[in-house]
Structure formats: C-alpha cells, structure tokens
Amino acid sequence: MVLDKQIAKKTAELLLQINAIKLEPENPFTWASGWKSPIYCDNRIMLSYPEVRSFVREEIAKQVEELYGKPDVIAGVATGAIGIGILVAEALGLPFVYVRPKPKEHGRQNQIEGYFEPGQSVVVIEDLISTGNSSLNAVQALKEQQADIKGMIAIFTYGFPVSVENFKKEGVELHTLSDYENLIEQASDTNYIQETQLQTLLEWRSNPQEWK
C-alpha cells in the first residue's frame, strides 16, 4: 500500500532519472524467473546518488515512525536492501540486522546477521517486491528467532496479485514508497513513454507470466 501519492510519484521520478528503473517495451528484459518484461528495476543503483539515497532514507524512516513508532530493530533483506536498511536504521538511531536467503553453509551457519533479542519489535526493509517470496522468507527466518514483526516497508512494488495474496496469507503488512501504477502515471505525465508504449506496459502488468 502506498501512503502518499505525491511521494510515490516523486520516488518514481527519481528512480527513472537515475535509471534504477528502465522501461523498454520494444526491447524486453528477461528476469531470473524466465519472465519477459518491459521493465527492469535495480534500486541498489540509488545508493550511488546521494540526493536520491537521502530522499529514500528519509521517507522510509518517516513511514516507519508514522506506522510503527520506533521499533527495537530494523532488518534488511539481503542483498538488495542491506544498504538502504542500514541508512534507515542510522536515521532512526536503531540497531540493524540483515537476513540471508538461507543459512550460511560454514562458520556459525547464520541466516540472520547481527544481534537482536527474542520478542523485540522489528520492521523489515526491502528494496523491491515482485512475488514477495524472498521477502516473506526473510520474515519467516526472523519469526523463527522470535522476532515481533511489525511490518515491511519497501521502495517499490510491481503489485502483482500473487504478491498481494502472499502477504495477506502470511499476515504481513506491506507499505511501499511507490508502485507500478504511480510509476506508469509518472512516466506518462512526463512523456518518458509514448502512448503505444503505455499500452504495452499496461498489457504486461495484467498478465506478466504469459507476456511475450
């Protein structure tokens, strides 16, 4: 859920400006899942742009406080959200941990790196939501260590029905700075895309698995 449309469009504008999000309907990308897509999103790029990085940090930190007060711990989902998670934790003066996709196969075999105590409240930070599976895997790892999950805040979501259903099924509250609808609206308003490209992007969003 997007809390503030103005912030959602500003976030989309900044991500487009720095090419963290690319829209190329005529030259589709292939995702790791095998899906063909006219959009590619790599929000880690924003870490290289101080003004964009500061904007994202401040807006996520503000949402954390507005929604949850001050949790005990901020957790980032590896690897994409480690950077922004640390920035948010620093802005709020809170401890930080990050969650690997699976436990290490050597050493202490940690899946969660950093320290928190059972029962402490945690807000999870994510950079991008597609199906939500990897994000919810991190939530499950934290729950298994008795973390009290307050919710998750991400930079961007595609808003796929499968992700909405996955978060609902797991009972995890998700908020994002921006989403696909606001991105496409911003791109159209600023003539970043043409009318014919707009139709392609809307068609893909309605059925991404089958889109070619």
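Tutor: Before we start, a residue is called buried when its relative accessible area is under 20%. We are looking at a predicted model.

Student: Thanks! Which residues of α6 are buried?

Tutor: Helix α6 covers residues 180-189. Its buried residues are Y180, N182, L183, I184, Q186 and A187.

Student: What covers the buried residues of α6?

Tutor: Helices and strands both take part in this cover. The strands include β1 (21-23), β4 (39-41), β9 (148-157) and β10 (174-179). On the helix side, the cover includes α7 and α1.

Student: Let's take α1, then. At what angle do α1 and α6 pack?

Tutor: Two packed helices are described by the angle between their axes and the distance between the axes. Here α1 spans residues 5-17, and the axes of α1 and α6 are 9 Å apart. The two helices pack at an angle of about 65°.

Student: Is α1 roughly parallel or roughly perpendicular to α6?

Tutor: The packing angle is about 65°. Angles of 65 to 115 degrees count as roughly perpendicular, so α1 is placed in that class relative to α6: roughly perpendicular.

Student: Is the crossing of α1 and α6 left-handed or right-handed, and which residues of α6 make the contact?

Tutor: The crossing is right-handed. From α1, the contact uses K5, A8, K9, A12, E13 and L16. Facing them from α6 are N182, L183, E185, Q186, A187 and D189.

Student: By class, how many residues of the contact of α1 with α6 are charged?

Tutor: The contact has five nonpolar residues and two polar ones. Its charged residues number five.

Student: Now for the rings. How many aromatic pairs does a search of the whole structure find, and is the pair of W31 and W204 edge-to-face or stacked?

Tutor: The search of the whole structure turns up 11 aromatic pairs. One of them joins W31 and W204, with ring centres 5.8 Å apart and 80° between the planes. Planes over 60 degrees apart count as edge-to-face, so the pair of W31 and W204 is edge-to-face.

Student: How many residues apart are W31 and W204?

Tutor: W31 sits in the loop between β2 (29-30) and β3 (36-37), while W204 belongs to helix α7 (residues 195-206). The pair therefore links distant parts of the chain, and both partners are buried, W31 at 13% and W204 at 0%. Along the chain, W31 and W204 are separated by 173 residues.

Student: W204 also pairs with Y180. What is the angle between the planes?

Tutor: Y180 and W204 form a tilted pair, 5.4 Å centre to centre. Y180 lies in α6 and W204 in α7, so this pair ties together parts 24 residues apart in sequence. Y180 is buried too, with a relative accessible area of 2%. The angle between the planes of Y180 and W204 is 55°.

Student: Which residues do ring pairs link into a cluster with W204?

Tutor: We have already met two of its members, W31 and Y180. The other residues linked into the cluster are W35, F156, Y158 and F160.

Student: One last stop, the backbone. Where is N191, and what is its phi?

Tutor: Most residues other than glycine have a negative phi. N191, in the loop between α6 and α7, counts as exposed because its relative accessibility is 58%. Its phi is positive, near 60°.

Conventions. Residues are numbered from 1 along each chain as its sequence is written. This is a predicted model: local features need pLDDT of at least 70, side-chain atom pairs count only at pLDDT 80 or more; totals for chains, interfaces and linings use all residues. Side-chain values use heavy atoms; hydrogens and water are left out. Rings of Phe, Tyr and Trp (its six-membered ring) pair if their centres lie within 6.5 Å; planes under 30 degrees apart count as stacked, over 60 as edge-to-face and the rest as tilted. Helices (H or I, at least four residues) and strands (E, at least two) are DSSP runs, numbered from the N terminus. Buried means under 20% relative accessible area, exposed over 50%, partly exposed in between (1.4 Å probe, protein chains only). Axes are lines fitted to C-alpha atoms, for helices over the stretch in contact, and angles run from 0 to 180 degrees between N-to-C directions. Angles under 35 degrees count as roughly parallel, over 145 as roughly antiparallel, 65 to 115 as roughly perpendicular and the rest as oblique. A crossing is left-handed if the near helix is turned anticlockwise from the far one by less than a right angle, and right-handed if clockwise. Contact means heavy atoms within 4.5 Å. Ala, Val, Leu, Ile, Met, Phe, Trp, Tyr, Cys and Pro count as nonpolar, Asp, Glu, Lys and Arg as charged, and the others, Gly among them, as polar.
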